Amino acid sequence: MEKLKLASVRKSKGLSQKEVAERLFVDVSTYNRKEKGSVKIRNTEWIKLSQFLNVPIEEIFEEDESHVFIFNDNSTGSYLGTNHIYAIPESLLDVQKKYITFLESEIQKLKNNDLI
């Protein structure tokens, strides 16, 4: 999946792929593949890209096959926050959904037996 948002922001800032690649400490061909979506962009790289491009991570981030959650943690009292990115594989979500369904049926059984 091509990273259109990332490429658009990079171009709007007047930056070349080479300049961004140097910032990530990768060669231009590797960055090109990352931007085209054929090589995965690691979570730490998304954070570096966000900081380097001076934009919120949500403005450039495009999720891959897995479900991704971005949490802004302002627990330190700083309004700058810290972005934490969590990618959850679809297979794990399926297992969790099945377990939740099982637990809900067990709760219903207990309620029917007046144990809750």
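1. A residue counts as buried when its relative accessible area is under 20%, as exposed when that area is over 50%, and as partly exposed in between. W46 makes a good first example: its relative accessibility is 1%, so W46 counts as buried. Please keep in mind as you read that this is a predicted model.

2. Let's start with the overall layout. The protein has six helices and two strands. Followed along the sequence, these elements come in the order α-α-α-α-α-β-β-α. There are 116 residues, and 25% of them count as buried. The protein exposes about 8,200 Å², with carbon and sulfur atoms supplying 55% of that area. If you take the contacts with a separation of 6 or more, 46% of them join residues 24 or more positions apart.

3. Next, have a look at the nonpolar core. The largest one has 15 residues, and those with the most contacts inside it are L6, Y31, W46, L49, L53 and I60. Helices α1, α2, α4 and α5 (57-60) each supply at least two residues of this core. L53 is a nice one to click on: leaving aside its neighbours within four places in sequence, L53 is in contact with L6, V9, R10, K13, L15 and I60.

4. Which residues of α1 are buried? They are L6, A7, V9 and R10. Seen down the helix axis, these buried residues fall within an arc of 165°, so they line one face of α1. The face turned away from them carries the exposed residues L4, K11 and S12. Among the elements covering the buried residues of α1 are α2, α3, α4 and α5. Just after this helix comes G14, which has a positive phi, near 75°.

5. Helix α3 (residues 28-36) can be read in a similar way. Its buried residues are T30, Y31, K34 and E35. They cover an arc of only 135° around the axis, which puts them on the same side of α3. There they pack against α1 (4-12), α2 (17-24) and α4 (43-53). Helix α3 is followed by G37, whose phi is positive, near 90°.

6. R10 deserves a closer look. This residue sits in helix α1, and with a relative accessible area of 6% it is buried. Not counting residues up to four places away in sequence, R10 touches L15, S16, Q17, V20, Y31, E35 and L53. With E35, R10 forms a salt bridge in which the closest N and O atoms are 2.8 Å apart. This pair links distant parts of the chain, since R10 is in helix α1 and E35 is in helix α3, 25 residues apart. E35 is buried as well, with a relative accessible area of 6%.

7. How many salt bridges does the structure hold? There are five. One of them joins E45 and K34, whose closest N and O atoms are 2.9 Å apart. Because E45 lies in helix α4 and K34 in helix α3, the pair ties together parts that are 11 residues apart in sequence. Both E45 and K34 are buried. A network of salt bridges links K34, R42 and E45. Another bridge, between K18 and E22, has its closest N and O atoms 3.9 Å apart. K18 and E22 are four residues apart in helix α2, so about one helical turn separates them. At 48% relative accessibility, E22 counts as partly exposed.

8. Last come the aromatic rings. A pair of aromatic rings is described by the distance of the centres and the angle of the planes. The structure holds two such pairs. W46 and F61 form an edge-to-face pair, 4.9 Å centre to centre and with 65° between the planes. This pair links distant parts of the chain: W46 is in helix α4, while F61 is in the loop between α5 and β1 (67-73), 15 residues apart. F61 has a relative accessibility of 12%, so F61 counts as buried.

9. Y99 and F102 form the other pair, which is stacked: 6.4 Å centre to centre, with 25° between the planes. Because they are three residues apart in helix α6 (residues 90-112), Y99 and F102 are separated by about one helical turn. Are these two rings' residues buried or partly exposed? Y99 is partly exposed, with a relative accessible area of 49%, and F102 is partly exposed at 43%.

Note on methods. Residues are numbered from 1 along each chain as its sequence is written. This is a predicted model: local features need pLDDT of at least 70, side-chain atom pairs count only at pLDDT 80 or more; totals for chains, interfaces and linings use all residues. Side-chain values use heavy atoms; hydrogens and water are left out. Buried means under 20% relative accessible area, exposed over 50%, partly exposed in between (1.4 Å probe, protein chains only). The arc is that of the directions from the helix axis to the C-beta atoms. Contact means heavy atoms within 4.5 Å. A nonpolar core is a set of buried Ala, Val, Leu, Ile, Met, Phe, Trp, Tyr and Cys residues joined through side-chain atoms within 4.5 Å. Accessible areas come from the Shrake-Rupley method with a 1.4 Å probe; for residues, only the protein chains shown count as cover. Rings of Phe, Tyr and Trp (its six-membered ring) pair if their centres lie within 6.5 Å; planes under 30 degrees apart count as stacked, over 60 as edge-to-face and the rest as tilted. A salt bridge is a side-chain nitrogen of Lys or Arg within 4 Å of a carboxyl oxygen of Asp or Glu.
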